[in-house]
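This briefing goes through a structure topic by topic, beginning with helix contacts and ending with backbone angles. Please keep the sequence and the 3D view at hand while reading.

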Amino acid sequence: MFEFKAIKDKEPMFNEPLLVPSYSISTKPTKYADMDYWLDRSPEMIGILDVMTSDVLGDGFRFEGGRNKIDRAEKFARRVMLKEELAKAIFDWHYYGDGYLWRGTPIHKLKSVPELKSLDLKSVDFSDQMVLKHIPTTTVNIDPTPDKRAILQYRQLINGKTENTWEPDQVLHAKYLTIKGKLYGFSPAQAMLVELQTIGYVKDYASTFFSRGGYPDKIFNFIKDSPNSPHVQRAIQQLQKYEHPTEKRGNLVMTGELKTFDLNQMTKDMEFRQLAVYLTGVMAVGYGVPMSRVASVIGSAVKVTTGSDDLANESYWARVATKQDYWENLLTENVFEELGVEMKFNRGYKMNEVRETMAMIQKLDALQSFRNLGLVPNIKLVRKLFPDVDESHFSKIDIKSPEEMANAQGDPNNRQNYQKLGDLEKGP
């Protein structure tokens, strides 16, 4: 008898140092604390994350399947406020690299509960027992098995205390990027932590400067006076008066031999503005967001040509489509498959759909041209040209001969307005 254990022992391991989980140890990335601090102070990053989250959610979502099953799925989505829970998880996913949703106990496990064996399970609507709720990413710790080849549990740690533990099939874990074989995901924001800090320091510097009111950034040097002289004491009293914003206008009288030295003046309207614009641009580029999407922040400092921005938009929406595919697969395989439906996002960027439709029309025209030449395409060629079209989408497959297609005058399928064979024989 073949031993499958030998194959199992060859599985790759997670690149994590911990072998035995501890209920009091945090295993989540240490960068989370710094990321939390700077996100609270970065409206630029919040704006970028909000744009991407909204674009992934698009125009909402739909379900594909039987009518009754779709009704159950829509009822479930309304009950758990699916769009709101997804928005929170996708926001975390973009920023931290990890997004979590708690799904509770899967239906197939609910059906195996001993107390329910005596019931007619066909009459039980288990969708009423299903849940889906966002778990804050910064509270989740992942514990691997001792051999580091699988996930033992998800553990919610709050204020150094484990509040919840979940089995692997009770949590949906979305990873933005996977690097170094880690349990946790990775995000562009983690790589941009220095940029977040720097732009925060630039704003802190400006804030501190203006919070000082009318205080002159100068050195007042009384050359021949000691620190306790009346001249010096009088100057200190007057300067303290001008520290207050309401007293920053007025005249300053000094006596004695005095020299002043300028120290730190903000001579520009917005000092370090170019640096702030550059850092905001880096954050946008890190996520592939076109410059036009952050134009309200960068203003006219960055010139974007129409052609280059169109290409950037195309690339960005291709990324959005890939993200939507990822979340569709994750949710369908782990949640909605149990309801007998597939979940699909309604794509907000319609140009791709228009291009796909035009490409399909051109392929159909090519097939029609083959038929008019007497070459009847077989099902193998049709499947190659239209890999995304399922035969089950059609109620009937009616293959006509070239003569029937050519004589289909008035037929809506006769897009090229081919004439009847009889009419062709009459003309020159």
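In which helix does G200 lie? G200 belongs to helix α8, which runs over residues 193–211. The model is a predicted one, and the points below treat helix α8 and its contacts, the salt bridges, helix α10 with the surface patch, the cavities, and two loop residues with positive phi.

**Helix α8 and its contacts**

- With a relative accessibility of 4%, G200 counts as buried, because the cut-off for that class is under 20% relative accessible area.
- Although G200 and R41 are 159 residues apart along the chain, their C-alpha atoms are separated by 6.7 Å.
- K203 is also placed in helix α8, but its relative accessibility of 31% makes K203 partly exposed.
- The C-alpha atom of K203 lies 8.7 Å from that of A276, a residue 73 positions away along the chain.

**Salt bridges**

- Side chains of opposite charge can pair when their charged atoms come close, and in this model the count of salt bridges comes to 10.
- One of these is formed by the side chains of E44 and K203, with an N to O distance of 3.2 Å.
- Because E44 lies in helix α3 (residues 43–57) and K203 in helix α8, this pair ties together parts that are 159 residues apart in sequence.
- The two partners fall into separate accessibility classes, since E44 counts as buried at 14% relative accessibility, whereas K203 counts as partly exposed at 31%.
- R67 forms a salt bridge with D71, in which the closest N and O atoms are 2.9 Å apart, and R67 forms another with E74, where the corresponding distance is 3.8 Å.
- R67, D71 and E74 are thereby linked in a network of salt bridges.
- Within helix α4 (residues 67–79), R67 and D71 are 4 residues apart, so about one helical turn separates them.
- The general background is that an α-helix has 3.6 residues a turn, so residues three or four places apart point the same way.
- Both acidic members of the network count as partly exposed, D71 with a relative accessibility of 36% and E74 with 31%.
- D71 and V341 are 270 residues apart in sequence, while their C-alpha atoms are 10.0 Å apart in space.

**Helix α10 and the nonpolar patch**

- F272, L275 and Y278 make a nonpolar surface patch of about 300 Å².
- F272 is placed in the loop between β9 (258–262) and α10 (273–286), and a relative accessibility of 40% makes F272 partly exposed.
- How far apart are the end C-alpha atoms of α10, and what span should its 14 residues have? At 1.5 Å a residue the expected span is 20 Å, and the end C-alpha atoms are 20 Å apart, so the two values agree.
- Among the residues of α10, V277, L279, T280, G281, M283 and A284 are buried.
- Just after α10, G288 takes a positive phi of about 75 degrees.

**Cavities**

- Rolling a probe the size of a water molecule over the atoms shows where empty space is left, and in this model there are 2 cavities of 30 Å³ or more.
- The largest cavity holds about 50 Å³ of space.
- The lining of the largest cavity is made by R103, T105, P106, I107, M130, V131, N334, V335 and E338.

**Positive phi in residues other than glycine**

- Most residues other than glycine have a negative phi, which is the background for the two residues below.
- M81 is not a glycine, yet M81 has a positive phi of about 55 degrees.
- M81 lies in the loop between α4 and α5 (82–96) and counts as partly exposed, at 48% relative accessibility.
- K180, likewise a residue other than glycine, has a positive phi near 60 degrees.
- K180 is found in the loop between β7 (171–175) and α7 (188–191), and its relative accessible area of 64% makes K180 exposed.

Key:
Residues are numbered from 1 along each chain as its sequence is written. This is a predicted model: local features need pLDDT of at least 70, side-chain atom pairs count only at pLDDT 80 or more; totals for chains, interfaces and linings use all residues. Side-chain values use heavy atoms; hydrogens and water are left out. Patches are made of residues with over 30% relative accessible area and no salt bridge: like charges are joined within 9 Å, nonpolar side chains (Val, Leu, Ile, Met, Phe, Trp, Tyr) within 5 Å. Accessible areas come from the Shrake-Rupley method with a 1.4 Å probe; for residues, only the protein chains shown count as cover. A salt bridge is a side-chain nitrogen of Lys or Arg within 4 Å of a carboxyl oxygen of Asp or Glu. Helices (H or I, at least four residues) and strands (E, at least two) are DSSP runs, numbered from the N terminus. Buried means under 20% relative accessible area, exposed over 50%, partly exposed in between (1.4 Å probe, protein chains only). The expected span of a helix is 1.5 Å times one less than its number of residues. On a 1 Å grid over the protein atoms alone, a cavity is a set of points where a 1.4 Å probe fits but cannot get out, and a pocket is an open set with protein on both sides within 12 Å along at least five of seven lines; lining residues have an atom within 4 Å of a point. Grid points are joined across faces, edges and corners, and a volume is the space filled by probe spheres set on the points.
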